[in-house]
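Visitor: I should be grateful for a close look at one single part of this chain. Please describe its surroundings, and define each term as it arises.

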Amino acid sequence: MSTDLTTYDGLLAAINDPAGREITDPATGDVIGCTHEGTVADIDAAVSAAVAAQPAWASRPVAERNDLLNKAADAIEASAEALAQLLSREAGKPLNGPNARFEVGACAAWLRANAAFVLEPEVLVDEDGTHAELVYDPVGVVGAVGPWNWPMMITVWQLAPALKMGNAVVVKPSEYTPLSVQGLIAVINQVLPADVLSVVAGDGAVGAALTDHDDVDKIMFTGSTKTGQAIMRSAADNLARLTLELGGNDAGIVLEDADPKAIATDLFWGAFINTGQTCAAMKRLYVPESLYQEVCDALVEVAAQMPMGVGLDENNVLGPLQNKQQYDIVARLVQAAKDGGATVLVGGDPQEGQSGYFYPTTIVADIDNDNPLVAEEQFGPALPIIKYTDLDQAITWANELEVGLGSSVWGSDLDEAKRVAARLEAGSTWINKHGAIDPRVPFGGVKKSGYGLEFGLEGLKQVSVPHVISW
């Protein structure tokens, strides 16, 4: 008997394995359900099935694949509330704000955007009796390894372009958020042919079995730089293609002509989206001395209006950290700021004995640029604000770390902001916003923040192999 995936109970029943590992709500500690723990043998079986299914999928006209991506988006929208509730419970995200419902909506939007993209053959030469075109063929089987912070959305970032271009996909979700991804793929697989898309949950050994597999032709990974480096080394054995979206420690620079009150809310969400658990969130903010107090005051005022609590409470827009390990990192780095003599303007003092991994919204001023809270990626609800007196010095500080995912510039003079943006070392630099991704606009990092691009036509090319045809 089929299960109704449009209800929370039905969705959970479809993916719950009573004999599996318990998954708990980071806000309450309550058990949500149990996940099947896959094995290396499960990876081998999923990859073998994908290898067998991929040629028939690739042979379908692209219009048919596009139609199925749109139908997958329809299925997500039909199950949107069930998916959002599952995500809220497992990841701790509030339903409202740029959180659980937002993430589920983005999954459908990304599928529709990829279905709409048209990647035409590129005419390279057409003269003197020579014609050459560049076309893009499927790469084969894509192994997609995702993180716990945006588990559904980032999985769709990986699978949507890969499926559109005729690849089969095997997904390995984070150990922290397997149910969300299993639920998402159960919904999508209502409309896809068998074995074109599969998911195997499990630990690091299961992930390594996927990224090391001889029959995986492309690896897409979002996660830590250290793990990305290990994947890059192992991919050398069979020359698997790579897209790696790794860690960041994004800088924002406020210019002298900025209006503190006008930019405060956007500054706040640039830093605190998903309670700060976002690779391309703003994690250090450089502010000129002339505006320093005004910017600090404006951010504290905004922070006071943003309730934090259990995600299923419709009033909340900030939630807990997803896991104890991340909570401990944030607590350590905020303590380092205190020990260094910084001023905690708000937050920084979690309640003793509370349930859930809640760390209060924390804004830190009067902090040195070399303090660990600035120099290390905190990945949580803590923002250090660093004062500068010389713009060149601020740009140097912004660029001096070994990562470069995103950055932002805030000011009223667009030409000046663009001049500053051009000097920042990052894969993306936003002006008067931060982390504003768009499925049409390529996204990726430089330095140790990653390798390759996602989104848009460039993203399609990266899940394909170039093929030159000449006559």
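**Around strand β9 and the loop that follows**

Guide: Apart from neighbours within four places in sequence, Thr 243 is in contact with Lys 218, Ile 219, Met 220, Phe 221, Tyr 451, Gly 452, Leu 453, Glu 454 and Gln 462; contact means heavy atoms within 4.5 Å. The model is predicted: local features need pLDDT of at least 70, side-chain atom pairs count only at pLDDT 80 or more, and totals for chains, interfaces and linings use all residues. Residues are numbered from 1 along each chain as its sequence is written, and side-chain values use heavy atoms, with hydrogens and water left out.

Thr 243 lies in strand β9; strands (E, at least two residues) and helices (H or I, at least four) are DSSP runs, numbered from the N terminus. Thr 243 counts as buried because its relative accessibility is 2%. Here buried means under 20% relative accessible area, exposed over 50%, and partly exposed in between (1.4 Å probe, protein chains only). Among the residues in contact with Thr 243 is Lys 218, and the side chains of these two residues make a polar contact at 2.6 Å. A polar contact is a pair of N or O atoms within 3.5 Å; within protein, one must be able to donate a hydrogen and the other to accept it, and residues adjacent in sequence count only if both atoms are side-chain atoms.

Strand β9 spans 241–245, and the loop between it and β10 (250–254) holds Asn 249. With a relative accessible area of 4%, Asn 249 is therefore buried. Its side chain reaches two backbone oxygens: that of Ala 375 at 3.4 Å and that of Glu 376 at 3.3 Å. Leaving aside neighbours within four places in sequence, the residues in contact with Asn 249 are Lys 283, Arg 284, Val 374, Ala 375, Glu 376, Glu 377, Gln 378, Leu 401 and Val 403.

The wider setting is the division into domains. Domain 1 comprises 8–247 + 449–470, and domain 2 comprises 250–431; these bounds come from an automatic or database domain assignment. The contact between the domains takes 26 residues from domain 1 and 29 residues from domain 2. The C-alpha centres of domain 1 and domain 2 lie 30 Å apart.
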